[in-house]
Amino acid sequence: MKGKRVRLGVVGVGIWGRMHIRAYLQHPSADLVAVCDRDAERAARTAREFGVPKFYRHVEELLAENLDGISIATPDTAHADIAIKAAAKGVHMLVEKPLATTVSECRRMIAAAKAKGVYLMVDWHNRWNPPYYYAWRALRDGELGDVRYIYYRLSDTIYVPTKMLPWAGESSVLLFLGSHALDTTCWLMGEKPVRIFCQRQEGILTGRGVPTADMYITVVNFSNGATAVVENSWVLPQSSPSLIDHKCEIIGSKGVIYLDPTHHGAIAKYTAKTSAGFPHPSFPDLFITPEIHEKQMGFGVESMYHFVECVRDGKKPLTSGEDGLLNTRLIIAAEESARKGLPIKLRNL
Ligand SMILES: NC(=O)c1ccc[n+]([C@@H]2O[C@H](COP(=O)([O-])OP(=O)(O)OC[C@H]3O[C@@H](n4cnc5c(N)ncnc54)[C@H](O)[C@@H]3O)[C@@H](O)[C@H]2O)c1
């Protein structure tokens with residue numbers, strides 16, 4: 001149904017909600033009808049800035065707009081109630097990762113979406129990340145033979161939990177970044193995780209008044225005997241050359257793939273000096289959200305375009321509520337493992 005228009009709303013117009021707004025304003029089939037944020041002043045300011053016709057403080061008001069779909073870009077702990085209300089109105093949903101922070105919330109969201117036959121897509125945009133997509137395709141084409149090992153690092157500088165996210169202390173780097181890392185690892189592996197063993201380090205962020213762990217090192221065993229090591233840290237120094245450190249190695253029986261979309265070498269900028277006087281390079285983001293001639297580019301908007309096109313064409317999205325439930329179960333099992341100092345068997349996943 002290429003000619004069909006899709007009526008959309010965005011709930012939560014913070015850092016990432018703005019990306020949803022930009023994606024919907026750019027997509028030729030999307031009509032962004034209204035935005036919603038419990039911070040009414042922010043909702044109003046954002047609507048004005050982007051020329052969105054309406055803004056609301058309460059999601060019930062937004063849902064009275066006869067929408068086809070909404071994005072939910074509220075903090076990690078504030079996805080479920082909004083999703084359940086949207087599902088009850090028959091509205092398709094693109095929910096920011098992680099789907100929710102508890103298994104029961106995930107289950108209620110899935111049940112609500114199923115009851116009304118609406119999509120519950122999770123925004124794991126790394127499935128649209130060009131190097132990762134190419135790796136996934138090489139694995140699917142058998143180029144690496146049997147995958148035996150994946151190493152996956154996704155970390156941020158300490159700026160993110162201390163200055164960027166006011167709610168970091170109510171979340172964790174495992175929920176914020178581990179969610180992406182675990183989803184991409186499972187997607188690349190294409191097998192069921194059967195066991196998880198996680199260690200966590202604490203102290204640096206609590207010392208800065210943010211009550212959350214500094215880093216997690218998570219070992220995941222898969223049903224085919226393969227292993228993955230997932231590393232997520234929230235305490236890299238602000239002098240790091242990029243906000244995010246994203247790396248992956250995939251070792252198979254016939255080959256290996258190395259991925260490094262953050263330190264890609266396409267551009268290295270030397271404009272400042274470290275305190276010791278050395279030039280300090282930075283590697284601007286060229287993959288996630290580069291802005292080119294005032295247009296929002298990058299794979300960050302591709303998952304959002306995919307959602308619009310799925311709603312427009314009646315096509316099932318590439319990520320689902322069930323993927324979200326699996327991911328949250330892995331995160332909770334990893335926390336349990338870290339707490340107990342023991343590996344956790346994952347049953348019925
Ligand atoms: N896909 C990605 O790579 C990516 C990147 C950043 C953030 N995120 C996710 O996006 C979500 C939002 O993160 P952010 O960094 O934009 O946060 P943020 O704090 O910048 O923005 C959240 C907004 O939600 C609003 N809000 C909170 N509760 C609400 C409610 N009940 N109803 C309406 N509005 C509400 C807040 O007022 C705020 O404006 C999180 O789940 C986060 O993990 C995803």
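A charge sits over a ring if NZ of Lys or CZ of Arg is within 6 Å of the ring centre and within 35 degrees of the ring normal. Lys97 meets this definition: it lies over the face of Phe176, at 4.0 Å from the ring centre. The model is predicted.

**Parallel sheet**

One open sheet holds six strands in the order β3-β2-β1-β4-β5-β6, with parallel pairing. Strands β3 (54-56) and β6 stand at the edges with a single partner each, so one side of each has no neighbour in the sheet. From one strand to the next, the twist averages 25 degrees.

Start at the β3 end. Strand β2 (residues 30-36) runs parallel to β3, and three bridges join them. Ala34 stands opposite Lys54 in β3.

Now the other end. Strand β4 (residues 69-72) pairs with β5 in the parallel sense over four bridges. Ile72 has Val95 in β5 as its bridge partner. Between these strands the chain passes through helix α4 (residues 80-88), and this β-α-β crossover is right-handed. Helix α4 lies across β1 (6-11), β4 and β5, and runs at about 175 degrees to β4.

Strand β5 is also joined to strand β6 (residues 120-122), in parallel, by three bridges. Here Leu94 has Met121 in β6 as its bridge partner. The chain goes from β5 to β6 through helix α5 (residues 103-116), again in a right-handed β-α-β crossover.

How are the faces of strand β5 (residues 92-95) covered? His92 and Leu94 lie on one side, Met93 and Val95 on the other, and all are buried.

**Mixed sheet**

A second open sheet has seven strands. Their order is β12-β11-β7-β10-β9-β8-β17, and the pairing is mixed. Strands β12 (256-259) and β17 (344-345) are at the edges; each has a single partner strand, so one side of each is left without a neighbour in the sheet.

Strands β9 (residues 215-222) and β10 (residues 227-233) run antiparallel and are joined by seven bridges. Asn221 has Thr227 in β10 as its bridge partner.

Two helices that pack on this sheet are compared below.

| Helix | Strands touched | Direction |
|---|---|---|
| α8 (residues 173-189) | β7 (147-156), β8 (193-201), β9, β10, β11 (244-252) | about 155 degrees with β7 |
| α11 (residues 321-340) | β8, β9, β17 | about 50 degrees with β8 |

**Aromatic contacts**

The whole structure contains six aromatic pairs. One of them joins Phe176 and Trp234, with ring centres 5.7 Å apart and planes at 40 degrees. What class does this pair fall into? Planes under 30 degrees apart count as stacked and over 60 as edge-to-face. The angle of 40 degrees falls in neither range, so the pair is tilted.

Phe176 lies in helix α8, and Trp234 in the loop between β10 and β11. The pair therefore ties together parts that are 58 residues apart in sequence. Are these two residues buried or exposed? Both Phe176 and Trp234 are buried. Phe176 is also the residue whose ring face lies under Lys97.

Elsewhere, ring pairs link Tyr133, Tyr134, Trp136 and Trp187 into a cluster. Tyr134 has a charge over its face too: Arg137 lies there, at 5.0 Å from the ring centre.

Notes:
Residues numbered from 1 in each chain as written. Predicted model: local features only at pLDDT ≥ 70, side-chain atom pairs only at ≥ 80, totals over all residues. Heavy atoms only, no water. Pairing = 2+ DSSP bridges. Helix = DSSP H or I, 4+ residues; strand = E, 2+ residues; numbered from the N terminus. Contact = heavy atoms within 4.5 Å. Axes fitted to C-alpha atoms, helices over the stretch in contact; angles between N-to-C directions. Phe/Tyr/Trp six-rings, centres within 6.5 Å; stacked < 30°, edge-to-face > 60°. Buried < 20%, exposed > 50% of the residue type's maximum accessible area, 1.4 Å probe, protein only. Right-handed = clockwise from strand over helix to strand, strands pointing away.
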